[in-house]
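Student: Could you take me through one part of this model closely, beginning with a pair of strands and working outwards from there? I would like the definitions along the way.

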Amino acid sequence: MDADTADVLAAIGPRLRSLRRARGLTLTSLAELSGLSISVLSRLETGHRHPTLDLLIPLARAYEVSLDRLIGAPETGDPRVHLEPQRLIAGGVAVPLTQHPGRVQAFKHVLGPRDPALVTHRGHAWIYVLAGTLRLILGTEEHEVQPGEIVEFDAATPHWFGPADGLSVEILHLFGPEGERPMARDLFSHP
């Protein structure tokens, strides 16, 4: 057995004892909950018995915790991103999908009916329509963009976008500051 594994195993007993005490349980009450004998529990906690799955699984059930918690597995972190929708002053809701200031930002927008008001600013915009029909005004041109279609433009061009039909439109919006543009890579080889 390597030293790392031995260290992990040696730390399980004290962790089990701390967990039992934190829950206010005696060895007797834990034995009743887990179906393991008081002797086995005592030897596990003192390190006189190696923990095995057939002993740890009933303990995890009794404590209502994961096996990772019992063995002290390193935290992997929660890979899920907890998104917080934000109401837009101009109407609708935006959900930031990235949190990297100064770099390309991604948003999911649900836009309701609103009056066009052209704006300009530095940067580059890329919009993918998920649902509904997007009305896009770029300078003096007007476009209707359908689900599955993509538009991109320099944000220094006077622009406005919103629903085309008085309902709502759902979009993914990438915005690159300082003229930064999303980069596309062709991952397929062409003959």
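Tutor: Happy to! Strand β3 (residues 105-111) and strand β9 (residues 169-176) run antiparallel and are joined by seven bridges. Before going further, a word on the basis: this is a predicted model, in which local features need pLDDT of at least 70 and side-chain atom pairs count only at pLDDT 80 or more, while totals for chains, interfaces and linings use all residues. Residues are numbered from 1 along each chain as its sequence is written, and side-chain values use heavy atoms, with hydrogens and water left out. Strands here are DSSP runs of E with at least two residues, helices are runs of H or I with at least four, and both are numbered from the N terminus. Two strands pair if DSSP finds at least two bridges between them.

Within the β3 and β9 pairing, Lys108 has Leu172 in β9 as its bridge partner, and His109 is partnered by Ile171 in β9. On the other flank, strand β2 (residues 93-96) is joined to β3 by four bridges, again antiparallel, and Pro96 has its bridge partner Phe107 in β3. These strands belong to an open sheet of six, in the order β1-β2-β3-β9-β4-β7, with antiparallel pairing. At its edges are β1 (86-87) and β7 (150-154), each of which pairs on one side only.

Let's stay with His109, which sits in strand β3. With 8% relative accessibility, His109 counts as buried; the word means under 20% relative accessible area, with exposed being over 50% and partly exposed in between (1.4 Å probe, protein chains only). The side chains of His109 and His173 are joined by a polar contact of 3.4 Å. Such a contact is a pair of N or O atoms within 3.5 Å; within protein, one must be able to donate a hydrogen and the other to accept it, and residues adjacent in sequence count only if both atoms are side-chain atoms. Setting aside neighbours within four places in sequence, His109 is in contact (heavy atoms within 4.5 Å) with Leu88, Val93, Ala94, Val169, Glu170, Ile171 and His173.

Leu111 is also part of strand β3, and its relative accessible area of 1% makes Leu111 buried. Not counting residues up to four places away in sequence, Leu111 touches a set that includes Leu88, Gly91, Gly92, Phe161, Val169 and Ile171. Leu111 and Phe161 lie 50 residues apart in sequence, yet their C-alpha atoms are 8.9 Å apart in space.

Phe161 leads us to another sheet, since β8 covers residues 159-163. This open sheet has three strands in the order β6-β5-β8, with antiparallel pairing. β6 (141-145) and β8 are at the edges with a single partner strand each, so one side of each has no neighbour in the sheet. On average, neighbouring strands of this sheet are turned by 15 degrees against each other, direction ignored. Strand β5 (residues 134-138) is joined to β6 by five bridges; among the pairs, Leu136 is matched with His143 in β6 and Leu134 with Val145 in β6. β5 and β6 form a hairpin with two residues between them, and Gly139 in the turn has a positive phi of about 65 degrees.

Finally, a look at the helices. The axes of helix α1 (residues 3-22) and helix α3 (residues 38-46) come within 6 Å and cross at roughly 120 degrees. Axes are lines fitted to C-alpha atoms, for helices over the stretch in contact, and angles run from 0 to 180 degrees between N-to-C directions. That crossing makes α1 oblique to α3; angles under 35 degrees count as roughly parallel, over 145 as roughly antiparallel, 65 to 115 as roughly perpendicular and the rest as oblique. In α1, Gly13, Pro14, Leu16, Arg17 and Arg20 meet Leu44, Glu45 and Thr46 in α3.

Arg20 deserves its own mention: at 9% relative accessibility, Arg20 counts as buried. Its side chain reaches the backbone oxygen of Leu25 at 3.0 Å. Beyond residues up to four places away in sequence, Arg20 touches Leu25, Thr26, Leu27, Leu30, Glu45 and Tyr63. Tyr63 is one of the buried residues of helix α4 (residues 53-63), whose cover includes α1, α2 (27-34), α3 and α5 (67-71).
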